[in-house]
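The briefing below goes with the sequence and coordinates shown here, and is grouped by topic for reading alongside them.

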Amino acid sequence: MPSKPLHLGILTGGGDCPGLNPVIRGVVYQAETLGHRVTGFLRGWAGLLPPGHRDSSVKVPSGETRPLTRADVELIHSEGGSILFSSRTNLKKVKDGYAAAKEMLGRHGIDVLLATGGDDTLSVAQELHQEGVKIIGIPKTIDNDLPGTDQTFGFDTAANIAMEALDRLHSTAKSHERCLVVEIMGRHAGWITYAAGVAAGAHLVLVPEVKYDLDEIYRVVRARRDGGKHHTLIACSEGAVPLDSQIDEVVDPKAPKKYDAFGNVQLGGIGKTLAKLIEKHTGVETRDVVLGHLQRGGAPTCFDRVFGMRLGIAAANLADQGISGKLVALKGTEIVALDITDALGATQETRKTKRLPVAWYDAVRPFMG
Ligand code: F6P
C-alpha cells in the first residue's frame with residue numbers, strides 16, 4: 001500500500017470505441033480495492049480546461065468532472081461508448097493549454113492522471129508527462145494502429161461488427177447479382193478491413209498498406225461475372241489508395257479536404273468513387289456501403305471487455321506503486337508497462353503508426369478473386 005490514499009483522475013479522448021467503459025470500471029474497482037479514489041474528467045482533454053473556457057478550438061463544454069465509485073461503474077462493462085464522454089480537444093492548440101491543465105489537476109488534487117486514447121490523446125499525455133505531470137497512458141482505438149501494444153481494445157469489436165456486416169452483404173449482393181464495395185474505417189492502417197474482409201470471405205480486400213490496381217479490380221469483377229459467380233464483395237479501407245499512376249482517376253485534387261483538431265484528414269468517400277468506376281468499366285451494377293460509426297458503437301466483445309478491464313487494473317496498480325510516464329500495453333498475452341515516449345515516439349515527426357504487415361496480406365492473396 002502507498003503511504004497515503006491517492007486521488008486518480010481519468011479521461012477518455014479521441015474517437016470513442018467499445019471497451020472504454022470496461023477500462024474505467026477496471027480502474028475504479030482496482031483503485032478502491034487499493035484504498036484510492038477516482039475522479040472522471042469529462043470529454044477528453046476539455047475536462048482539464050477550466051469551466052467555461054473560451055477557445056475557438058474547443059467545441060465542447062469544458063471543466064466538468066464526476067466522482068467515480070464502484071457503484072457508479074458496476075454495470076457499465078457491457079455499454080459501448082464512454083460514460084465520461086469523449087472529444088478530440090487538442091490541448092496543444094489551446095493557448096496556455098498545458099498550464100491550464102496543470103492548474104486544474106492541482107485544483108482537484110489529482111495525484112496521477114490516467115489518459116485513455118489513441119495516438120492524438122496519448123501524444124498530449126506524453127507531452128504533459130515531459131512537463132512533469134504524473135500520467136499513465138491507456139491505448140485505445142478501433143484502428144489498432146498504435147505502436148508498442150500488440151493490440152488495442154475496440155479493434156476486436158469493430159472487426160467483428162464489420163465481419164458481420166460483410167457476411168450479410170454477401171446475400172443481398174448475390175440476390176441482385178451486384179458488386180458491393182464496403183468502406184471500412186481504420187485511417188491509414190488496414191487492420192479492421194483485413195480482419196473483417198478475410199474472415200467474411202470478401203473477394204477483394206483493399207488496405208492502405210498495399211496500393212490497389214484499378215485494372216485488376218475490374219478484371220476480378222468481370223471474371224467473376226463471366227465465370228457465373230453472380231456477385232463480388234469488396235472490403236475497402238477508407239484509407240486505401242491506388243497505384244500512383246492511377247491516383248487522378250480516384251482523387252479529385254480540387255475537392256476540399258477537412259481536418260480534425262489534431263490535423264488528421266477526415267477520410268471517406270472511396271467506396272462511392274470505386275463503385276462508380278467499377279460499374280462504368282465492367283457494366284456490373286455496383287453499390288457502395290459505408291459502415292462508418294456503426295463500427296464504433298454498441299457493446300464490446302468478450303475479448304475487449306476483459307482486455308479493457310485488465311488495462312484499467314494495470315494502470316491503477318502502476319499509480320499505486322508510484323510509477324508514471326508509462327503506457328500499459330499488451331505483449332503476447334500479458335499486460336506490460338512501457339515507457340510512454342519509447343512506445344509512441346518522442347515527437348510528432350518520429351511518432352509511428354503500426355500498420356498491417358504486407359506479408360500478412362500476401363499470405364491471403366490466393367483467397368481473393
Ligand atoms: O480513429 C478512429 C476512427 O474511427 C477512424 O477509423 C476514423 O477515420 C475516424 O476515427 C473518424 O473520426 P470521427 O469520429 O471524428 O468522424
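In this predicted model, helix α10 covers residues 302-320, and at 1.5 Å a residue its 19 residues should span 27 Å, which agrees with the 27 Å that separates its end C-alpha atoms. The points that follow take up this helix, then two backbone outliers and the nonpolar cores.

**Helix α10**
- The buried residues of α10 include D304, F307, G308, L311, G312, A315 and L318, as well as D320.
- An α-helix has 3.6 residues a turn, so residues three or four places apart point the same way.
- Just after α10, G322 adopts a positive phi of about 75°.

**Positive phi outside glycine**
- R43, which sits in the loop between β2 (37-41) and β3 (65-68), has a positive phi of about 65° although it is not a glycine, and it counts as buried because its relative accessibility is 14%, under the 20% limit.
- F85, found in the loop between α2 (70-73) and α3 (97-108), likewise is not a glycine yet has a positive phi of about 60°, and with a relative accessible area of 45% F85 is partly exposed.

**Nonpolar cores**
- The largest nonpolar core has 60 residues, and those with the most contacts inside it are I24, L68, L114 and I138; helix α5 (residues 155-175) gives the most to this core, with eight residues.
- This core draws at least three residues from each of domain 1 (7-153 + 300-344) and domain 2 (158-296).
- Leaving aside residues up to four places away in sequence, I138 touches, among others, L114, F153 and V328, together with L311 and A315, two residues that are buried in α10.
- Apart from the largest core lies another, of 28 residues, among them F41, L91, Y98 and I340.

Terms used: Residues numbered from 1 in each chain as written. Predicted model: local features only at pLDDT ≥ 70, side-chain atom pairs only at ≥ 80, totals over all residues. Heavy atoms only, no water. Helix = DSSP H or I, 4+ residues; strand = E, 2+ residues; numbered from the N terminus. Expected span 1.5 Å × (residues − 1). Buried < 20%, exposed > 50% of the residue type's maximum accessible area, 1.4 Å probe, protein only. Core = buried A, V, L, I, M, F, W, Y, C linked by side-chain atoms within 4.5 Å. Domains from an automatic or database assignment. Contact = heavy atoms within 4.5 Å.
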